[in-house]
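Q: Could we go through this structure together, one feature at a time?

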Amino acid sequence: MNPAIVLPLIVVSSCLASAAAAAEQACGYSSAGWNAPNGAAVFSAGSGPIGDVLHAVGEVRTHSMLSHGPGKWVTHATMKQPRENAWPAVCSAPVRPSDLLEGYPGLEQVNQGGIYRFLYGSGASGSTALTYQVGDPVKAASIGNTIWWDVPYYAAPSIIDEAAEFTRLSIRGGRVRYSFYQYRTTEGTPTGGPAWNNGMVCSSFLAYAHHADGRGAIPPYTYSHTKLANAANALHAGVRGDCEDSLGFWGSLGTSIACFADVCGKAADQVANCMASHACDTSSSSLWRGVRDDPKTVAVSISPDLIGGWSGHAWGTQPGATVWSADMNHNVQWNSGGNVYGCWY
């Protein structure tokens, strides 16, 4: 399933919080509760560097989540914005390597307040387009119940508000990190097999949930070298562009430190390296460029568009289609009574 040499598939990185957000908020209230049924796959489409990357490979959706019912909890894999590295290392590796490597919080369950803050950040309603798909409602609900009842978990206090808790799941014997390396290859994730650093991303988790409930293995998709070279270039250009335009976290790098170096370029190199070879502590551009420039490299991965059956991926009853891809898009609406306070990290 996985070729010997692969290029990092970087098309799903909005599975992490949008780096272009003006101010990432971990905690807050939801406006209400969403209407996504139990077991529905919920999708969002973000902007910023990841939007550039997705366009480069012809895909659109950037995040996928598993709903446990209207107004109820949500399971997804994500990570908070990384932090600036300490002086003087910030001048050579601007992003804190441990933050890229560990991918906190990783696979988690959050309530409506937590997922609302994750999606909207500043609380501006409508800033993220949300849709959901169910397909077979009985099968979808079974997937939701399997993850809710059968996967070990433990409560974790928010690092922003210790009085608030969310749930962190344990799969393959430990906490599941958000791993950039999943964009290089899904490894054994879709069927529960071992993965480097015990990592997942949002869409490889949905594939895991699909298989764990006995709904079949979702075959990863092989992206051509041309598409993946375009994606690698788009990722690098996106991170560097946001940094130079002072957008979000990337725009704050090195602003308080005098570095006689191209901090934005080094940050972009560091992120590209982390995805290319899980070398998250170096900004040597030769790593990711070496993978990009090797004509033998391809990528084998699972994206949100694959989960939903878009952008040329299997849909309906086609071989390799998912339970969810048999359905059309439904708009997510925040229309249940009341609001809920919660945190997503």
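A: Certainly. One term is needed at the outset: a residue is called buried if its relative accessible area is under 20%, and exposed if that area is over 50%. Please also note that this is a predicted model.

Q: Then what does Phe118 count as, buried or exposed, and why?
A: Phe118 has a relative accessibility of 10%, so it counts as buried.

Q: How many aromatic pairs does a search of the whole structure find?
A: The search gives 13 aromatic pairs. One of them joins Phe118 and Trp344. Their rings meet edge-to-face, with 5.1 Å from centre to centre and 80° between the planes.

Q: Which parts does that pair tie together?
A: Phe118 belongs to helix α3, residues 112-120, while Trp344 is in the segment after β15, so the pair links parts that lie 226 residues apart in sequence.

Q: And Trp344, is that buried or exposed?
A: Trp344 is buried, because its relative accessibility is 1%.

Q: What about Tyr221 and Tyr223, how do their rings sit?
A: The ring centres of Tyr221 and Tyr223 are 4.6 Å apart and the planes stand at 80°, so this pair is also described as edge-to-face. The two residues have their own accessibility values: Tyr221 is partly exposed at 33%, whereas Tyr223 is buried at 1%.

Q: Which residues form an aromatic cluster?
A: Trp34, Tyr116, Tyr120 and Trp334 form one aromatic cluster.

Q: What lies over the face of Trp310?
A: That is Arg61, placed 3.6 Å from the ring centre of Trp310.

Q: Changing topic, how many residues of strand β4 are buried?
A: In β4, which spans residues 74-79, 6 of 6 residues are buried. Val74, His76 and Thr78 point one way from the strand, and Thr75, Ala77 and Met79 point the other way. Residues on both sides of β4 are thus covered, as all of those named are buried.

Q: Which strands does β4 pair with, and how do they run?
A: Strand β3, residues 63-68, is joined to β4 by 2 bridges, and the two run antiparallel. Strand β5, residues 105-110, is joined to β4 by 6 bridges, again in an antiparallel arrangement.

Q: Which residues face each other there?
A: Ser67 has Val74 of β4 as its bridge partner. On the β5 side, His76 stands opposite Glu108.

Q: What is found between β3 and β4?
A: Their hairpin has 5 residues between the strands, and Gly69 in this hairpin takes a positive phi near 125°.

Q: Where are the cis peptide bonds at Pro88 and Pro105?
A: One joins Trp87 and Pro88, with omega about 0°. Pro88 lies in the loop between β4 and α2. Another runs from Tyr104 to Pro105, with omega near 5°, and Pro105 is part of strand β5.

Q: Which residues have a positive phi although they are not glycines?
A: Glu187 has a positive phi of about 55°, and Ser311 likewise has a value of about 55°. Glu187 is in the loop between β10 and β11 and is buried, with a relative accessible area of 16%. Ser311 is in the loop between α9 and β14 and is partly exposed at 37%.

Q: Finally, how many residues of helix α5 are buried?
A: Helix α5 covers residues 202-212, and 9 of its 11 residues are buried. Among them are Phe205, Leu206 and Tyr208. Just after α5, Gly214 takes a positive phi of about 80°.

Notes: Residues are numbered from 1 along each chain as its sequence is written. This is a predicted model: local features need pLDDT of at least 70, side-chain atom pairs count only at pLDDT 80 or more; totals for chains, interfaces and linings use all residues. Side-chain values use heavy atoms; hydrogens and water are left out. Buried means under 20% relative accessible area, exposed over 50%, partly exposed in between (1.4 Å probe, protein chains only). Helices (H or I, at least four residues) and strands (E, at least two) are DSSP runs, numbered from the N terminus. Rings of Phe, Tyr and Trp (its six-membered ring) pair if their centres lie within 6.5 Å; planes under 30 degrees apart count as stacked, over 60 as edge-to-face and the rest as tilted. A charge sits over a ring if NZ of Lys or CZ of Arg is within 6 Å of the ring centre and within 35 degrees of the ring normal. Two strands pair if DSSP finds at least two bridges between them.
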